[in-house]
Amino acid sequence: MSGRQKSIIRVGLTGGIASGKSTVSALLAEHGAVIVDYDQLSRNVVAVGSEGLRQVVEAFGEKVLSEDGSLNRPALGAIVFADPAARRRLEGIIHPLVEEAARRVDEEARAADEQVVVVHDIPLLVETGRADEFDTVLVTDVDPAEQVRRVVERDGRSGADAWARIRAQASRRERLGVADIVIDTSGPLEDLPHAVDRAWTHILGRGRPGGDQR
């Protein structure tokens with residue numbers, strides 16, 4: 001390692017379901033950001049044979065297992081999205097395991113280079129009160145009605161199910177209230193790289209521009 005002082009920029013990326021967050025995350029990775037994907041980590045910690053899966057089955061019963069012993073996500077989702085207490089119980093199992101896995105990824109990234117941008121892609125950043133942990137908070141934003149349309153089209157879910165998932169998350173106003181950078185994802189997909197380019201410039205400058213980076 002050289003004698004240069006390390007520069008670590010930590011970015012919190014969040015957005016509602018079907019708000020384009022995964023696409024923005026991939027574009028940030030193309031700029032060289034290290035992505036800590038909490039959705040992927042949440043899947044990893046409940047893989048077959050994991051301690052996380054054992055705890056989930058203990059809490060919710062074997063009805064949340066598929067025939068092959070893996071987690072049946074639709075079955076679990078039907079339970080937790082209809083019952084706030086059940087959702088909190090699940091979060092109490094998953095969140096500590098995901099945080100430990102994320103910490104390891106973050107530490108590896110810090111050790112690898114003199115300057116690094118680490119993007120924590122966290123769907124529940126607002127809900128877990130973590131906005132103040134980051135140098136910059138980036139929010140992907142779109143009208144909730146468009147979120148519903150995308151969920152129905154992408155996942156084949158009913159409109160009622162899509163709205164239930166949206167209402168289980170932080171509100172649009174709550175997310176925008178913690179944002180340093182907002183990327184409007186309602187436009188054409190080909191517009192997003194330009195928006196992410198501008199966001200990247202602000203991130204590298206540790207800027208807090210607020211407002212809409214369209």
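This report walks through the nonpolar cores, two helix pairs and one buried valine of a predicted model.

## The main core

Let's begin with the inside of the fold. The largest nonpolar core counts 34 residues, and V56, F60, L76 and I94 have the most contacts inside it. Six elements each supply at least two of its residues: the helices α2 (38-44), α3 (51-60), α4 (73-80) and α5 (84-112), together with the strands β3 (115-121) and β4 (136-141). Helix α5 gives the most, with eight residues. As general background, nonpolar side chains tend to be buried together in soluble globular proteins.

V56 is a handy residue to select in your viewer. Leaving out residues up to four places away in sequence, V56 touches V46, G61, V64, L71, L76, L90, I93 and I94. Another core lies apart from the largest one; this other core has 18 residues, including L27, A33, V119 and I183.

## Helices α6 and α7

Next comes a helix pair. Helix α6 (residues 144-155) packs against helix α7 (residues 159-167) at an angle of about 125°, and their axes are 9 Å apart. Angles that are neither under 35 degrees, over 145, nor 65 to 115 count as oblique, so α6 and α7 are oblique to each other. Their crossing is right-handed.

On the α6 side, the contact is made by P144, A145, Q147, V148, V151 and V152, which meet G159, A162, W163 and I166 of α7. By class, the residues of this contact are eight nonpolar, two polar and no charged.

## Helices α1 and α9

A second pair joins helix α1 (residues 21-30) and helix α9 (residues 192-204), whose axes come within 10 Å and cross at roughly 60°. That angle makes α1 oblique to α9. The crossing of α1 and α9 is right-handed.

Here T23, V24, L27 and L28 of α1 meet L192, P193, V196, W200 and I203 of α9. The contact of α1 with α9 comprises eight nonpolar residues, one polar and no charged. L27, one of the α1 residues in this contact, is also among the residues of the 18-residue core.

## A look at V98

Finally, here is a single residue in helix α5: V98. Buried means under 20% relative accessible area, so V98, at 4% relative accessibility, counts as buried.

Which residues does V98 contact, leaving aside its neighbours within four places in sequence? They are Y38, L41, S42 and V45. As for distance, the C-alpha atoms of V98 and S70 are separated by 18 Å, with the two residues 28 apart along the chain.

Key:
Residues are numbered from 1 along each chain as its sequence is written. This is a predicted model: local features need pLDDT of at least 70, side-chain atom pairs count only at pLDDT 80 or more; totals for chains, interfaces and linings use all residues. Side-chain values use heavy atoms; hydrogens and water are left out. A nonpolar core is a set of buried Ala, Val, Leu, Ile, Met, Phe, Trp, Tyr and Cys residues joined through side-chain atoms within 4.5 Å. Buried means under 20% relative accessible area, exposed over 50%, partly exposed in between (1.4 Å probe, protein chains only). Helices (H or I, at least four residues) and strands (E, at least two) are DSSP runs, numbered from the N terminus. Contact means heavy atoms within 4.5 Å. Axes are lines fitted to C-alpha atoms, for helices over the stretch in contact, and angles run from 0 to 180 degrees between N-to-C directions. A crossing is left-handed if the near helix is turned anticlockwise from the far one by less than a right angle, and right-handed if clockwise. Ala, Val, Leu, Ile, Met, Phe, Trp, Tyr, Cys and Pro count as nonpolar, Asp, Glu, Lys and Arg as charged, and the others, Gly among them, as polar.
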